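Thank you for sending this model; my remarks are set out below as numbered points, with the surface and the aromatic residues taken in turn.

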Amino acid sequence: MSGYVKNSQGEALIGATVKVKGEPMGTVTDINGFYTLKDVAKNAVLEFSYVGFQSQEIPIEGRSRIDVVLVDNLQLQEVVVVGYGTVKKSDLTGSVASIKTDVVKDIPANSIEGLLQGRAAGLQIVNSSQDPGAGSIVRIRGSSSLRGSNSPLIVVDGFPLGEAGDLKQINPIDIESVEILKDASASAIYGSRGANGVILVTTKEGRIGKPTIQIKQQLVVSEFTSKLNLWRDPVLMAMLSNEGRTNAGLSPLYVGEVSSTGIYYPSVEELMTTWKTNTRWDELVFRDAPLSNNTTLSFSNSTEKTRINFSANYFTDQGVYIKDNYDKLGFNLKVDHKLYDNLNLRFSDILYLGNRNTNNDLAYWRNPIFPVYDENGDYYLTSSNDYSHPIAITDHRKNQTKMFDNIGSAALEWQVFPSLKLTSQLNYKYGKSTQDAYYPKKYTEAGTFNNGQGVINNWEGQNFVTENYANFQKLVADRHDIGIMIGHSYEYYMSRSSYLQANDFVNEALKNENMSAGNPEKNVISNGYSESKLLSYMARMNYTYNNKYLLTFTSRADASSKFGKDNRWAFFPSGAVSWKAHEENFIKNLNLFDELKFRFSYGISGNQGISPYQTLSRYGTGKYYNDGNWVTTIGPGYVSGWTGPGWIYRVWSGIPNPGLKWETTAQSDFGIDLGFFNRRLRVTFDYYNKSTYDLLRERNLALSSGYDKMWVNDGKLRNRGIELTVDGIILDNNDWTLSGTFIFSKNKNKVLDLGNTLESGLITNERTGLLFEYSGNNLEQYRGYTNILAIGHPVNVFYGYKTDGIIQTLAEGLEAGLTGDYAMPGEYKYVDLDKNGVVDENDKDVIGDPNPDFTGSLSLNARWRNFDAEIFLYGVVGNDVVNTQAFNQPSNQPLRWTPDNPTNKYPSLRDGRQVMFSDWWIEDGSFLRVQNLTLGYTIKLPKEKIVASKLRLYVNASNLYTFTKFKGYDPEVDLLGVYYGGYPRLRNWTFGIDITF
């Protein structure tokens with residue numbers, strides 16, 4: 001009988017004891033963790049033990065080889081961070097997912113959120129923007145609000161920083177672990193800030209042992225994952241353009257004449273023979289291989305009294321557009337000092353400096369027959385109103401933003417008694433940003449219409465949080481484990497902004513650095529100030545009986561300055577029970593479960609995620625020109641937005657609602673935690689039901705009120721779903737380790753109520769009785785909205801016409817209930833659903849859903865000796881996407897309908913076509929992405945000869961390949977599900993080296 005004995009990290013345990021149960025026979029493992037026993041009975045039981053590890057008994061059952069993984073006692077007692085304390089992972093009653101950042105350590109990123117995509121069940125991350133320094137959309141268990149905040153709270157080392165999505169101040173390499181608080185039992189301790197879940201981030205501390213210096217260097221090279229869909233054949237482009245104009249009753253352009261705008265357009269024949277200009281605008285606009293750099297230097301040390309961790313990071317990110325850049329410099333210091341044996345001081349400070357030079361959205365699709373420069377060497381412009389020349393814009397437009405953040409925290413921990421600890425923590429964050437922009441008189445629309453326009457946009461914010469709490473933990477009579485936390489929190493937030501705009505510049509030499517060069521009569525000056533306060537009291541009680549039965553009760557009372565005095569306070573309770581069934585003898589006797597735990601929780605949390613002052617009457621200002629002078633007026637109401645075709649209508653807001661109160665979310669959760677095969681296989685399952693009522697939303701008002709919208713508490717929204725996580729160690733021996741994690745999340749939301757139809761201004765579809773209001777964006781392409789909030793349907797479903805192919809004859813179009821141009825051959829055949837002979841508003845229907853049916857991921861990790869590898873797959877299934885570019889592409893237009901090509905798939909070419917939003921534009925957005933592939937090699941260096949002790953080399957490929965039926969560049973879009981085009985997703989190749997001294 002032989003085998004290896006190792007720990008969970010695959011390291012050999014030297015000197016581990018291996019005995020035959022009930023016999024004196026035994027041995028110890030050698031330097032490789034290998035053991036050998038002779039003359040062992042086939043029905044014997046082996047006992048494996050090692051100091052600091054949980055012992056195991058394994059029946060031989062006729063085998064001759066048994067490899068064993070012993071679990072560290074500390075690992076068994078692993079603690080996870082929860083609000084205002086920690087708890088043993090085995091004693092959790094709520095739904096909490098832990099993410100060790102080692103799994104994403106090789107992937108460079110601006111912030112931690114984007115790296116967490118697919119790493120935890122119930123956590124939805126959307127990385128729809130590829131701009132340098134861009135953040136992510138973060139949701140936990142769906143969207144809980146219609147107009148309030150939906151982003152979870154992010155807490156760093158006990159400091160509640162605000163909404164997750166762009167934690168750019170902290171280098172992901174500095175993060176030790178991330179906890180996701182999902183159910184109300186876990187998140188209700190944060191009260192009004194926990195309705196959307198909580199992400200707890202713990203940064204690294206000084207490590208016990210010798211001083212350690214680590215250098216982590218990453219170089220990233222990017223490329224497009226697919227080719228650009230552009231006109232490469234000017235002849236075909238011209239032929240199709242002429243066809244589209246002719247079908248619209250317009251004169252064709254490409255006829256060898258000067259157009260009305262003064263531009264010469266060659267004929268098709270000329271393009272085929274003598275025309276030489278075929279500009280590859282994409283080669284001028286896009287970088288060949290954008291480079292990014294991420295360098296981190298960290299130092300860790302500890303003494304008997306002090307632990308310190310310091311890191312410095314420099315991160316640069318080149319955008320795919322020329323001169324589009326982002327860079328940041330960050331410092332992170334964390335100190336833990338023992339003032340006395342029972343008194344600790346913790347201090348941390350994070351400094352962040354960022355710089356963004358924005359030069360995106362350049363016209364790489366510009367007509368290839370246009371040269372870059374004319375015969376005089378000037379920019380070739382198609383007219384005086386040509387605002388799309390990408391090189392001219394790049395050379396003359398200015399748009400820079402500088403950012404600064406400082407996040408400081410200090411805490412005192414006093415261990416009054418072994419069972420009682422008092423903590424007092426003070427947190428302060430200061431941030432500011434300054435945008436400098438200038439739009440020259442030529443080449444830019446804003447500059448031309450204003451004879452030069454300069455902008456300076458300033459913002460600064462302060463966040464002050466003080467928290468004091470006590471934790472009591474005591475084991476009574478070896479059976480009753482009691483934990484109590486009580487605390488108090490006060491938070492103050494202030495933001496201030498100023499906007500300076502100068503127009504009509506007499507001289508552009510210094511651009512916006514000389515705002516006085518503008519016409520003082522045309523200056524635009526505005527500023528804003530906002531502050532809010534939150535006062536809270538919280539308590540939590542944990543009780544465990546006989547290490548089997550667990551009970552948790554949490555409560556928090558919040559008072560927010562955002563609400564009136566009658567609704568300022570709210571109380572958020574939650575409770576959870578858990579049963580460790582594997583501790584029962586009748587379960588132990590099954591010899592099946594290492595862990596079998598049942599959890600149930602129910603709780604209430606709130607949402608105050610709206611702007612302050614909505615309970616008060618808000619005033620606005622206006623300016624008009626009268627009798628040779630500008631006159632400023634002030635009065636109730638202000639312009640909160642624009643709507644309608646071309647954004648011609650103002651949205652008037654500012655009416656007070658003193659009765660505005662908290663939005664409330666009630667959530668129940670049932671969970672099961674399973675462990676098998678000495679915990680080598682672990683399964684976690686959760687089912688949740690989350691309902692939000694008294695929704696904070698803007699109600700449409702009658703015109704007689706003088707306002708368009710008012711904030712109210714109205715409506716109800718529900719999210720239900722299941723989550724499954726499976727972790728497994730598949731193989732583990734001296735040379736090989738293979739493990740994997742599978743994650744499955746399914747969330748289904750539904751709008752249950754939107755208030756009274758008359759008061760809320762809901763629209764009724766007379767054919768179906770559907771009650772709804774429009775949401776999302778008003779797209780000029782369709783002259784209307786694509787999304788709605790409809791009672792009985794998921795959030796932001798698509799609403800439009802259904803189609804039945806393409807009209808083939810005029811008679812077919814008229815018979816379908818269409819008139820005018822809509823009835824012509826080659827047009828979309830919109831369906832007359834109510835069969836009344838006319839296609840109108842009542843024929844609209846719900847035609848798609850941007851919300852996925854489920855998301856999933858699979859991570860496989862392998863190690864062979866000093867080599868390691870990981871592959872990570874991420875998928876989204878069942879979401880619909882509006883492809884606004886479904887026909888406006890060089891690859892599709894040649895497939896258009898013509899009398900000679902009576903296709904039923906694509907319409908004819910016709911300039912100026914009035915398009916109605918329909919299911920023709922909706923595509924399946926499901927995808928499976930090979931998101932990360934990492935290969936690494938670690939060298940352990942001899943310490944007595946070389947200063948460095950460890951060297952690791954690795955290469956990582958992200959966004960390696962995407963399997964999808966979607967016809968655009970990439971199906972991952974924002975939560976409204978609208979695809980606007982852009983450019984292909986970037987594939988990133990990271991070459992890294994880690995050196996430890």
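The points that follow concern two surface patches and some of the aromatic pairs.

1. Please keep in mind throughout that this is a predicted model, and that what follows describes features computed from it.

2. On the surface there is a patch of positive charge, in which Arg-720, Lys-746, Lys-748 and Lys-750 gather. Strand 41, which spans residues 736-753, gives the most to this positive patch, with three residues. Lys-746 lies in strand 41, and with a relative accessible area of 33% this lysine is partly exposed, because the partly exposed class runs from 20% to 50%.

3. A nonpolar surface patch of about 700 Å² is made by Ile-730, Leu-731, Trp-736, Phe-742, Leu-858, Leu-860, Trp-864 and Phe-867. Strand 40 (716-732), strand 41 and strand 49 (854-864) are the elements that give two or more residues to the nonpolar patch. Strand 49 gives the most, with three residues, and Trp-864 has its place in that strand. Like the lysine of the previous point, Trp-864 is partly exposed, and its relative accessible area is 33%.

4. Turning to the aromatic residues, the structure holds 49 aromatic pairs. One of them is formed by Tyr-774 and Tyr-785, whose rings are stacked, at 5.4 Å centre to centre and with 25° between the planes. This pair links distant parts of the chain, since Tyr-774 is in strand 43 (residues 771-779) and Tyr-785 is in strand 44 (residues 784-790), eleven residues apart. Tyr-774 is partly exposed at a relative accessible area of 25%, and Tyr-785, with 25% relative accessibility, also counts as partly exposed.

5. Phe-798 and Phe-917 form an aromatic pair that is edge-to-face, with 6.4 Å centre to centre and 75° between the planes. Phe-798 lies in strand 45 (residues 797-800), while Phe-917 is in the loop between strand 51 (880-883) and strand 52 (922-924), so the pair ties together parts that are 119 residues apart in sequence. Are these two phenylalanines, Phe-798 and Phe-917, buried or exposed? Both Phe-798 and Phe-917 are buried, which means that each has under 20% relative accessible area.

6. Phe-798 and Phe-917 also belong to a cluster that is linked by ring pairs. Its other members are Tyr-782, Tyr-801, Tyr-822, Tyr-828, Tyr-830, Phe-887, Tyr-906, Trp-920 and Trp-921.

Terms used
Residues numbered from 1 in each chain as written. Predicted model: local features only at pLDDT ≥ 70, side-chain atom pairs only at ≥ 80, totals over all residues. Heavy atoms only, no water. Patch = residues over 30% accessible without salt bridge, like charges linked within 9 Å, V, L, I, M, F, W, Y side chains within 5 Å. Areas by Shrake-Rupley, 256 points an atom, 1.4 Å probe, with all protein chains shown as cover. Salt bridge = Lys/Arg side-chain N within 4 Å of Asp/Glu carboxyl O. Lys, Arg positive; Asp, Glu negative; His and termini not counted. Charge placed at Lys NZ, Arg CZ, Asp CG, Glu CD. Helix = DSSP H or I, 4+ residues; strand = E, 2+ residues; numbered from the N terminus. Buried < 20%, exposed > 50% of the residue type's maximum accessible area, 1.4 Å probe, protein only. Phe/Tyr/Trp six-rings, centres within 6.5 Å; stacked < 30°, edge-to-face > 60°.
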